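Visitor: I am new to this structure and would be grateful for a close look at one part of its surface. Please also explain the terms as they arise.

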Amino acid sequence: MTKSSMLKSSIAKKVAMALSGLFLIMFLALHFFINLTSVFSADTFNAMSHFMGYNPIIQFVMQPILVAGVVFHFVMGIVLERKNQKARPIAYAKYDGAANASWASRNMIISGLVVLAFLGLHMYDFWCHEMVYKYVEGNAIDETRYFHELVAKFESPIRTGLYSIAFLLLSLHLWHGFTSSLQSIGFDNKIGKSLHKIGYAFAIIVPFGFIFIALFHHFNQ
């Protein structure tokens with residue numbers, strides 16, 4: 001493979017990584033919006049959760065796409081990180097990371113793996129429970145169960161604490177990841193600067209919003 005083709009391949013991987021990240025951000029925003037309704041109206045949360053849980057397009061089309069997007073994003077992140085390390089073996093030994101880059105940018109793999117572990121816990125808590133409820137136990141449809149199930153998950157202080165820590169790391173991951181994604185797809189201009197500000201706001205508002213939701217339900221048992 002020529003140097004030019006290797007460069008193009010590297011750029012293509014970075015663009016694919018960026019697009020998959022932006023795709024996942026849209027799902028994260030939707031998930032946050034639905035969960036936030038649980039703070040204000042149990043009925044609204046139940047209605048939206050029931051729609052998401054029984055709509056065939058969401059269940060059998062969008063949900064598999066989301067899972068594939070998560071797997072692709074994290075696998076591609078590890079591939080790119082390993083490639084960068086191999087490309088600069090000497091520079092890393094002399095590199096003073098704290099003086100040249102933020103903690104978030106130097107530890108994207110660490111924060112990403114923690115977030116991936118959190119997603120595994122989240123899938124176990126909600127998705128697996130949903131599959132057992134609907135397809136294994138064969139329970140009758142109950143459109144009012146979602147709010148009580150959500151609140152019950154945050155009864156434990158340990159579980160609530162783990163969720164909060166995971167979202168703190170997600171905030172750091174998004175803080176650097178959003179900027180890198182925009183640069184990778186060519187938005188490093190005036191429009192890009194405005195989008196960066198939106199990205200920074202998203203990296204703070206959404207993860208800390210999830211923490212607020214968890215703490216709200218924990219302390220209002």
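Guide: Val-61 counts as partly exposed, because its relative accessibility is 41% and this class lies between buried, under 20% relative accessible area, and exposed, over 50% (1.4 Å probe, protein chains only). The model is a predicted one, in which local features need pLDDT of at least 70 and side-chain atom pairs count only at pLDDT 80 or more, while totals for chains, interfaces and linings use all residues. Residues are numbered from 1 along each chain as its sequence is written, and side-chain values use heavy atoms, with hydrogens and water left out.

Val-61 sits in helix α3; helices here are DSSP runs of H or I with at least four residues, strands are runs of E with at least two, and both are numbered from the N terminus. On the surface, Val-61 joins Ile-57, Phe-60, Ile-65, Val-132, Tyr-135 and Val-136 in a nonpolar patch, and together they have about 700 Å² of accessible area. Such areas come from the Shrake-Rupley method with a 1.4 Å probe, and for residues only the protein chains shown count as cover. A patch takes residues with over 30% relative accessible area and no salt bridge, joining like charges within 9 Å and nonpolar side chains (Val, Leu, Ile, Met, Phe, Trp, Tyr) within 5 Å. A salt bridge is a side-chain nitrogen of Lys or Arg within 4 Å of a carboxyl oxygen of Asp or Glu. At least two residues of the patch come from each of α3 and α7 (108-136), and α3 gives the most, with 4 residues.

Just before this helix, Asn-55 occupies the loop between α2 (42-54) and α3 (56-87). Asn-55 is classed as buried because its relative accessible area is 17%. Its side chain reaches the backbone nitrogen of Ile-57 at 3.0 Å, and Ile-57 is itself a member of the nonpolar patch.

Turning to the interior, the largest nonpolar core has 29 residues, of which Leu-28, Phe-167 and Leu-174 touch the most other members. Two or more residues of this core come from each of α1 (3-40), α3, α7, α8 (145-153), α9 (157-184) and α10 (190-219), and α10 gives the most, with 7 residues. A nonpolar core is a set of buried Ala, Val, Leu, Ile, Met, Phe, Trp, Tyr and Cys residues joined through side-chain atoms within 4.5 Å.

As for the whole chain, there are 10 helices and 0 strands, and buried residues make up 35% of its 221 residues.

Key:
A polar contact is a pair of N or O atoms within 3.5 Å; within protein, one must be able to donate a hydrogen and the other to accept it, and residues adjacent in sequence count only if both atoms are side-chain atoms.
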